[in-house]
Amino acid sequence: MTSMPSSTTVLIVGAGPAGLAAALSLLHHGFRNFVVVDAVEQGENTSRALVIHAATLEALDTIDCGEEIAAKGTKARSINIGNRSSKLFSANFSSLDKDTRHPYALIIPQILTEHILGEKFKNYGVTVHRPCKVASLKMNENDSDLTDVIFEDGKTIAAKYVIGADGARSVVRQMAGIGFTDPKTGEKGDRVTNLAQMVVADIVYEGRDNSDLEFLGTMSPESFFLSIPMPNSFNDFLAKNGQEVKGQICRMGAGVPLVEGEIPHSPSKEYLQNLADRFGPITLSSDASVNPSSRSVRIKEVIWTTRYRTHSAIADKVFTRLGTEELQGATVAADDSIMKRGGIILLIGDAAHINSPAGGQGMNLGIRDGIFLGDALIKHINAAASQPSSIDADYILHEFAEERHGRALEVIAFSGNLVSLFGMQDKKISWLFPISATTVRDWVMWLSGKLGFMRARVAWGMSALRRR
């Protein structure tokens with residue numbers, strides 16, 4: 001691995017999908033004066049995010065990555081939602097064929113997306129420097145337009161632009177003193193639903209014909225259950241990395257009622273089976289007397305699990321200049337001209353925003369952040385080169401920041417609405433109408449599922465073509 005230089009124009013902190021997308025966008029523009037670092041020795045070998053939508057694929061097309069990623073995934077033309085015994089609604093992605101060359105939701109594990117982006121990155125002859133964990137930021141003593149980034153091992157690199165793509169616990173964001181709160185409540189959490197806490201796992205079923213597996217969400221009065229068949233390319237990827245899995249891998253996810261306590265750190269196969277039997281469609285039940293196939297469908301193997309609390313948050317700003325007054329614990333500079341200067345800090349991906357997983361929007365938004373930031377950076381670099389002061393060109397980054405902040409708010413609202421719908425708790429509407437809210441929800445969804453324009457409208461909303 002090449003040694004890390006002492007200075008660069010652009011430093012990208014984080015080599016996940018957002019950081020790699022930003023780097024590839026810069027490379028696509030012919031710009032190579034940047035460094036990418038990541039805190040871990042190697043990228044995670046787990047699936048995590050699972051869906052790439054049309055707007056993101058179109059953005060990936062602009063950096064010549066869309067086709068390669070699409071070829072490794074499964075193109076889902078519909079996403080089905082139902083209750084435990086029947087299908088109620090199907091989002092029709094084929095209806096997008098007049099709006100995009102990608103009229104589908106692409107099912108592909110995040111690790112495969114990262115791998116493809118990483119290989120593309122390597123083909124340019126560029127390296128991710130690992131492990132390099134950021135410890136602090138400070139203004140460069142000799143040039144106030146530069147930021148010194150200090151790593152835990154004591155190494156320092158000076159950069160004109162520092163891009164924080166280092167996740168929800170972003171060190172770059174924290175060191176820049178940028179707040180990160182729920183846009184609706186000002187706190188770190190959403191209103192309580194049946195999806196307040198979730199468990200997600202990659203599993204293999206036994207006792208079921210894999211040919212009829214589909215992208216299916218199941219609503220019940222106590223939870224929401226998700227089952228998604230993964231592409232065979234995931235089996236191939238795992239095998240190449242020393243983990244051979246025989247059989248169709250599926251993603252399952254389930255909301256766990258808060259009254260049942262905290263989800264175990266490493267949920268067992270029995271724990272997951274219990275959730276599938278209680279909240280999943282009866283076609284996945286291990287009880288043969290309940291399952292319409294009269295067969296017992298059981299979880300045979302658990303490949304990976306995680307748990308989390310669903311919440312949303314957004315950075316107060318995604319663009320700032322790191323002046324002495326912004327450094328945590330620093331003294332405010334007396335010279336106002338100095339206060340207006342400083343190295344440029346930009347946030348993308350989870351460092352800038354997080355939202356509930358409903359609708360599969362988070363990683364998508366982060367990838368688009370990175371690609372569009374590459375465009376904005378090139379414009380700013382070129383404009384700054386012809387301006388008396390680089391600050392005069394900052395309107396370019398302000399426009400980028402305002403647009404991405406707005407997009408993040410839209411995604412947070414969209415995914416929040418889906419959580420409220422799918423995770424609706426089983427309560428009576430009112431004493432005047434003693435009927436369950438979940439029953440009314442199911443009726444409305446069943447009726448909407450009969451209307452073609454509603455099925456197309458939901459697909460349009462999930463595709464993010466309106467809020468790229």
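Helix 2 and helix 9 are roughly parallel to each other. This follows from their geometry in the predicted model: the axes of helix 2 (residues 54–61) and helix 9 (residues 362–385) cross at roughly 30° and come within 9 Å, and because angles under 35 degrees count as roughly parallel, the pair falls in that class. The crossing of helix 2 past helix 9 is left-handed. On the side of helix 2, the contact is made by Ala55, Thr56, Ala59 and Leu60, and on the side of helix 9 by Asn364, Ile367, Arg368, Ile371 and Phe372. Sorted by class, this contact has six nonpolar residues, two polar residues and one charged residue.

**Further helix packing**

Helix 9 also packs against helix 10 (residues 395–422). Their axes lie 9 Å apart at an angle of about 170°, and the two helices are therefore roughly antiparallel to each other. Helix 9 contributes Leu365, Arg368, Asp369, Phe372, Leu373, Ala376, Leu377, Lys379, His380 and Ala383, which meet Ile396, Leu397, Phe400, Arg404, Arg407, Ala408 and Val411 of helix 10. This contact has eleven nonpolar, one polar and five charged residues. Arg368 and Phe372 of helix 9 take part in the contact with helix 2 and also in the contact with helix 10.

Helix 4 (residues 110–123) and helix 6 (residues 232–240) pack with their axes 10 Å apart, at an angle of about 70°. That angle makes helix 4 roughly perpendicular to helix 6. Helix 4 passes helix 6 in a left-handed crossing. Ile111, Leu112 and His115 of helix 4 meet Ser233, Phe234 and Phe237 of helix 6. By class, four nonpolar and two polar residues form this contact, with no charged residues.

The axis geometry of these helix pairs is set out below.

| Helix pair | Axis angle | Axis separation |
|---|---|---|
| Helix 2 and helix 9 | roughly 30° | within 9 Å |
| Helix 9 and helix 10 | about 170° | 9 Å |
| Helix 4 and helix 6 | about 70° | 10 Å |

**Sheets**

One open sheet consists of three strands in the order 12-18-21, with antiparallel pairing. Its edges are strand 12 (180–181) and strand 21 (353–354); each has a single partner strand, so one side of each is left without a neighbour in the sheet. Strand 12 pairs with strand 18 (residues 313–315) in the antiparallel sense over two bridges, and Thr181 stands opposite Ile314 in strand 18. Helix 10 lies across strand 18 and strand 21, and runs at about 175° to strand 18. Helix 10 is thus described by two sets of contacts, one with these strands and one with helix 9.

A further open sheet has three strands in the order 3-7-4, and its pairing is antiparallel. Strand 3 (51–52) and strand 4 (74–76) stand at its edges with a single partner strand each, so one side of each has no neighbour in the sheet. Strand 4 and strand 7 (residues 105–107) pair in the antiparallel sense over three bridges. Leu106 in strand 7 is the bridge partner of Lys75.

**Salt bridges**

The structure holds 15 salt bridges. One of them joins Arg101 to Asp61, with the closest N and O atoms 2.9 Å apart. This pair links distant parts of the chain, since Arg101 lies in the loop between strand 6 (87–92) and strand 7, whereas Asp61 lies in helix 2, 40 residues apart.

Definitions and conventions:
Residues numbered from 1 in each chain as written. Predicted model: local features only at pLDDT ≥ 70, side-chain atom pairs only at ≥ 80, totals over all residues. Heavy atoms only, no water. Pairing = 2+ DSSP bridges. Helix = DSSP H or I, 4+ residues; strand = E, 2+ residues; numbered from the N terminus. Contact = heavy atoms within 4.5 Å. Axes fitted to C-alpha atoms, helices over the stretch in contact; angles between N-to-C directions. Parallel < 35°, antiparallel > 145°, perpendicular 65-115°, else oblique. Left-handed = near helix turned anticlockwise from the far one by under 90°. Nonpolar A, V, L, I, M, F, W, Y, C, P; charged D, E, K, R; others polar. Salt bridge = Lys/Arg side-chain N within 4 Å of Asp/Glu carboxyl O.
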